[in-house]
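Welcome! Here is a friendly tour of helix packing and empty spaces, for anyone meeting this structure for the first time.

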Amino acid sequence: MIAFIRFADALSAAFGKAFAWLILLMTFGTSYEVFVRYVLGAPTAWALDVSFIMYGTLFMMGGAYTLSRGGHVRGDFLYRMWKPRTQATVDLVLYIFFFFPGVTALILAGWKYAARSWQYGEVSVNSPAGIPIYQFKTVIVAAGILLFIQGIAEMFRCIQCIRGGEWIRPEEDVQETEDTILNKATAAERDAHP
């Protein structure tokens, strides 16, 4: 179980980090559009579509990574006060009855949606550029599969927590800015008052 958890975490991290580079492309694309539209007076026909496509792809492909790091929104005003075993039990039940049916529906519906789009070579209707978008519809299926794999790992994580009483944490790879600032301030205060 632990080997699968580590595999799923690494897979989700690899895809999440790879697709995170879309943020830079979106930034450059939007900056270019702002420049040509407001400085040169020559807006592009494709910029809005490309930014939607990149944002949607980033959002979808980052879902499994966010799940692996516990970053999705949860109503934790009660949850955080529970013991780890209680948290894991509730999470396990929610994964079985809500998460997996939803993700399975996403994969199946996404497959039909993407297949239809590929069949007729769908292009964007939002702009006169007619940008092909059928290949991006496949992202729905890929994101669903990644979520499914990570969901299995999260169920294993719940089972391990129910057995051992402690959560198996993913490897640390990023840190919140607030935590970094707080750690530096604490270290500086500790050094100032030995």
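Axes are lines fitted to C-alpha atoms, for helices over the stretch in contact, and angles run from 0 to 180 degrees between N-to-C directions. Please keep in mind that this is a predicted model.

**How two helix pairs pack**

Let us begin with helix 3 and helix 7. Their axes come within 9 Å and cross at roughly 15°. An angle under 35 degrees counts as roughly parallel, and that makes helix 3 roughly parallel to helix 7. The crossing of this pair, helix 3 and helix 7, is left-handed.

Which residues of helix 3 meet helix 7? On the helix 3 side they are I53, T57, M60 and M61. Their partners in helix 7 are F136, V139, I140, A142, A143 and L146. Sorted by class, this contact holds 9 nonpolar residues, 1 polar residue and no charged ones.

Helix 7, residues 134-164, also packs with helix 6, which covers residues 84-119. Here the axes lie 8 Å apart and the angle is about 165°. Angles over 145 degrees count as roughly antiparallel, and helix 6 and helix 7 are therefore roughly antiparallel to each other. Helix 6 passes helix 7 in a left-handed crossing. The contact of helix 6 with helix 7 brings together 26 nonpolar, 9 polar and 5 charged residues.

**The spaces**

Rolling a probe the size of a water molecule over the atoms shows where empty space is left. The table lists the volumes of three such spaces.

| Space | Volume | Nonpolar, polar and charged lining residues |
|---|---|---|
| Largest pocket | about 1100 Å³ | 14 nonpolar, 7 polar, 12 charged |
| Second largest pocket | about 270 Å³ | 9 nonpolar, 4 polar, 2 charged |
| Largest cavity | about 30 Å³ | 5 nonpolar, 3 polar, no charged |

Consider the largest pocket, whose lining has 33 residues. Nearest its centre lie L67, R69, G70, G71 and R74. Two or more lining residues of the largest pocket come from each of helix 4 (63-68), helix 5 (76-79), helix 6 and helix 7. Helix 6 provides the largest share of this lining, 6 residues.

The second largest pocket is lined by 15 residues, and those nearest its centre are F52, I53, I133, F136 and K137. The elements giving two or more residues to the lining of the second largest pocket are helix 3 and helix 7. Which helix gives the most to this lining? Helix 3 does, with 6 residues. I53 and F136 may sound familiar: they also take part in the contact of helix 3 with helix 7.

Last comes the cavity. How many cavities of 30 Å³ or more does a search of the whole structure find? The search finds 1. The lining of the largest cavity is made up of M26, G29, T30, W46, A47, V50, S51 and M54. Helix 2 (22-39) and helix 3 (47-61) each supply at least two residues of this lining, and the largest share, 4 residues, comes from helix 3.

**Looking back**

To follow one element through the structure, try helix 3. Helix 3 is roughly parallel to helix 7, gives the most to the lining of the second largest pocket, and supplies the largest share of the lining of the largest cavity.

Note on methods
Residues are numbered from 1 along each chain as its sequence is written. This is a predicted model: local features need pLDDT of at least 70, side-chain atom pairs count only at pLDDT 80 or more; totals for chains, interfaces and linings use all residues. Side-chain values use heavy atoms; hydrogens and water are left out. On a 1 Å grid over the protein atoms alone, a cavity is a set of points where a 1.4 Å probe fits but cannot get out, and a pocket is an open set with protein on both sides within 12 Å along at least five of seven lines; lining residues have an atom within 4 Å of a point. Grid points are joined across faces, edges and corners, and a volume is the space filled by probe spheres set on the points. Ala, Val, Leu, Ile, Met, Phe, Trp, Tyr, Cys and Pro count as nonpolar, Asp, Glu, Lys and Arg as charged, and the others, Gly among them, as polar. Angles under 35 degrees count as roughly parallel, over 145 as roughly antiparallel, 65 to 115 as roughly perpendicular and the rest as oblique. A crossing is left-handed if the near helix is turned anticlockwise from the far one by less than a right angle, and right-handed if clockwise. Contact means heavy atoms within 4.5 Å.
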